[in-house]
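I opened my notebook for a first look at this one. Below is what I looked up, in the order I got to it.

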Amino acid sequence: MATLRELKTRIGSVSSSEKITGAMKMISSAKVHKFEQALKRLLPYRDQIKSIMGHLLDAEGDYTSPLIEARNEVKRVGVAVFGSDDGLCGAYNINIFKQVIILLNQLRAKYGKDIEIELYPVGKKIVRPCEKIKGNGVTVTVPDYVNSKMGADSVSKFTYSLQDKFINGELDEVHVVYVNFISLSRQRVKDEMLFPISATELTEGADHQEQNKPYLFEPDANTIFNKVLPMFVLSTMQEIAIENQASEQAARIMAMQSANDNAKKLLESLRLEFNKLRQQGITTELLDILGGQVEQ
């Protein structure tokens, strides 16, 4: 049975943990708000690109681009896996890794067991599980400049490196696995195909209200299409990177809230046990005093 001193020490330790988890929750809440604002600033730019794409595709021209050409035979697939660099975010990275396994099984079922898959983990905490499945056609590449907290320049460099590998034929398809940020209390693990780009993805959510108006394209529609297409891909990857960062902080808020609630329950239990033990000690002392008086 624990002594009063031991219980007091444990109460102090749990109380400190409660304060720490509460502070971490507040910090993560502020970061989520920051990333939400970043998403709001990015969306008008992406919507405008989609609107331009919608106008171009509705012009019924002949468009050619290596970024939209599907390979007749898919032998090598790249998968960018967005995780986290830090822990204390619950099952965040575990859920991402589960989706990676599902995607790998789907690719092997679709293209055969001999398909080569190259993983590009983004974040230290997702590198370790990816390393564990190396072999059997799976390789892992971790660029030095890539991490879950990378800014716009690093996202651009990473995106263009994947784009170059697809154009050069080093990769026949490129997929992205990340956590889609819907709201503070709702996130969803997703996998999307980055290359080749589908026409549906280009026009999804685009404004078609003025598509019946005639447009003059200078120098020509196909040239503009090939200029705007990489910008569309880059905006997509920037959105994915920000959503992943927001989702990580949202997961950390939930984890810290859970830890905080557990600390409060444990603190109440320890205080109750402490008070019972103290009361028991007081009662014992009173009985000893009364017993001594009776003997006298």
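**Entry 1: K124 and its helix**

I began with K124 and skipped its neighbours within four places in sequence; the contacts left over are S84 and D85. I'm working from a predicted model here, so I keep that in mind. K124 lies in helix α3. Is K124 buried or exposed? Its relative accessibility is 61%, so K124 counts as exposed. I also checked K124 against V142: the two are 18 residues apart along the chain, and their C-alpha atoms are separated by 9.5 Å.

Next I looked up K132, found in the same helix, α3, which covers residues 124-132. K132 counts as exposed too, because its relative accessibility is 71%. From K132 to K98 I get 13 Å, C-alpha to C-alpha, with their positions 34 residues apart in sequence.

Which residues of α3 are buried? I wrote down I126, V127, P129 and C130. Their cover includes β1, α2 (92-111), β2 (116-122) and β3 (138-140).

**Entry 2: the overall picture**

Then I stepped back to the whole protein. I count 6 helices and 5 strands. Going along the sequence, the order reads α-β-α-β-α-β-α-β-β-α-α.

I looked up the extent next. The C-alpha trace spans about 115 × 45 × 30 Å along its principal axes. The radius of gyration is 28 Å, whereas a compact globule of 296 residues would have one near 19 Å.

How much of the protein is buried? Buried residues make up 41% of the 296. The accessible surface comes to about 16800 Å², and carbon and sulfur atoms account for 53% of that. I also noted the contacts between residues at least 6 apart in sequence: 79% of them join residues at least 24 apart.

**Entry 3: aromatic rings**

I went looking for ring pairs and found that the structure holds 3 aromatic pairs. I took F82 and F158 to start with: their ring centres are 6.5 Å apart and the planes sit at 65°, so this pair is edge-to-face. The pair links distant parts of the chain, with F82 in strand β1 (residues 76-82) and F158 in helix α4 (residues 152-167), 76 residues apart. F82 is buried at a relative accessible area of 3%, and F158 is buried as well, at 1%.

How are the rings of F166 and F195 arranged? Their centres are 5.4 Å apart and their planes are at 15°, so I put them down as stacked. F166 lies in helix α4 and F195 in strand β5 (residues 186-195), so the pair ties together parts 29 residues apart in sequence. Both F166 and F195 are buried.

One more note on rings: F82 belongs to an aromatic cluster with Y120 and F158.

**Entry 4: backbone oddities**

Before this search I reminded myself of the usual case: most residues other than glycine have a negative phi, and most peptide bonds are trans.

F195 turned up again, since a cis peptide bond joins F195 and P196, with omega about -5°. P196 sits in the loop between β5 and α5 (199-203).

Where is L88? I found L88 in the loop between β1 and α2. Its phi is near 60°, a positive value in a residue other than glycine. L88 counts as exposed because its relative accessibility is 54%.

N136 is another entry for this page, with a positive phi near 55°. N136 is in the loop between α3 and β3. At 64% relative accessibility, N136 counts as exposed.

**Entry 5: two spots on the helices**

I looked up S28 in helix α1 (residues 4-58). S28 counts as buried, because its relative accessibility is 2%. What does S28 touch, not counting residues up to four places away in sequence? I listed Q249, R252 and I253.

My last stop was I282, which lies in helix α6 (residues 221-295). I282 is partly exposed, with a relative accessible area of 39%. Together with L286 and I289, I282 forms a nonpolar patch on the surface, and the three have about 270 Å² of accessible area together.

How values were computed. Residues numbered from 1 in each chain as written. Predicted model: local features only at pLDDT ≥ 70, side-chain atom pairs only at ≥ 80, totals over all residues. Heavy atoms only, no water. Patch = residues over 30% accessible without salt bridge, like charges linked within 9 Å, V, L, I, M, F, W, Y side chains within 5 Å. Areas by Shrake-Rupley, 256 points an atom, 1.4 Å probe, with all protein chains shown as cover. Salt bridge = Lys/Arg side-chain N within 4 Å of Asp/Glu carboxyl O. Helix = DSSP H or I, 4+ residues; strand = E, 2+ residues; numbered from the N terminus. Buried < 20%, exposed > 50% of the residue type's maximum accessible area, 1.4 Å probe, protein only. Rg over C-alpha atoms; globule rule 2.2 N^0.38 Å. Contact = heavy atoms within 4.5 Å. Phe/Tyr/Trp six-rings, centres within 6.5 Å; stacked < 30°, edge-to-face > 60°.
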